[in-house]
Amino acid sequence: MQLSLPKELIKNRTTVLLAKSNDKFFTCTVDPDKLSYSNAIYYFNQQGHSLFTYLVGIPSGLFADENYLWYLYQRSKPQAYGLLRKYHIQTREMLLEMEIPVIEPVGLMIRSDSITTYSNQNRTFYTLKLKED
């Protein structure tokens, strides 16, 4: 199977991160030169593509399971902790936003009640308990 994002979608954009849930792929498209309000997460499959949500912050990780899309991002200031958002895939509703105590996190893996990521700041992997209220 080979899928492509439409050229108009990625014109002047860089595509970063990829996650898959059932038959949908998710990716972040960003302006490579600056933070932009048009940076976004799109989903696509054999039937086409659609905007999932606009981005906040600098994308650091994307993870999907059957029901949820998780988005990890960094603030645009040095030495800041990462932030994690959880979205319901069907409704696109943001269900959770929480700070994670990892500086410059990259990569994301979710397993039931834990999150694993890597810190570029101190070159260490972290597995943290995921506390959803």
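Let me start with a term: two strands pair if DSSP finds at least two bridges between them. Keep that in mind. Also, what you see here is a predicted model.

Now, the four-stranded sheet. What is its strand order? It runs β5-β6-β7-β8. The sheet is open, and the pairing is antiparallel.

Look at the edges next. Which strands stand there? They are β5, residues 58-64, and β8, residues 94-103. Each has a single partner strand, so one side of each is left without a neighbour in the sheet. And the twist? On average, neighbouring strands of this sheet are turned by 20° against each other, direction ignored.

Let's zoom in on one pair. Strand β6 covers residues 68-74, and strand β7 covers residues 81-88. How many bridges join β6 to β7? Seven, and the two strands run antiparallel. Here is a spot to find on your screen: glutamine 74 stands opposite glycine 82 in β7.

On to another sheet. This one has three strands, in the order β9-β10-β11. Again it is open, with antiparallel pairing. Its edge strands are β9, residues 105-111, and β11, residues 124-129. Each of these pairs on one side only. Neighbouring strands here are turned by 20° against each other on average, direction ignored.

One more pair to zoom in on. Strand β10, residues 114-119, is joined to β11 by six bridges. They run antiparallel. Which residue stands opposite threonine 124 in β11? That is serine 119.

To recap: one open sheet of four strands, and one open sheet of three. Thanks, that's my tour.

Terms used
Residues are numbered from 1 along each chain as its sequence is written. This is a predicted model: local features need pLDDT of at least 70, side-chain atom pairs count only at pLDDT 80 or more; totals for chains, interfaces and linings use all residues. Side-chain values use heavy atoms; hydrogens and water are left out. Axes are lines fitted to C-alpha atoms, for helices over the stretch in contact, and angles run from 0 to 180 degrees between N-to-C directions.
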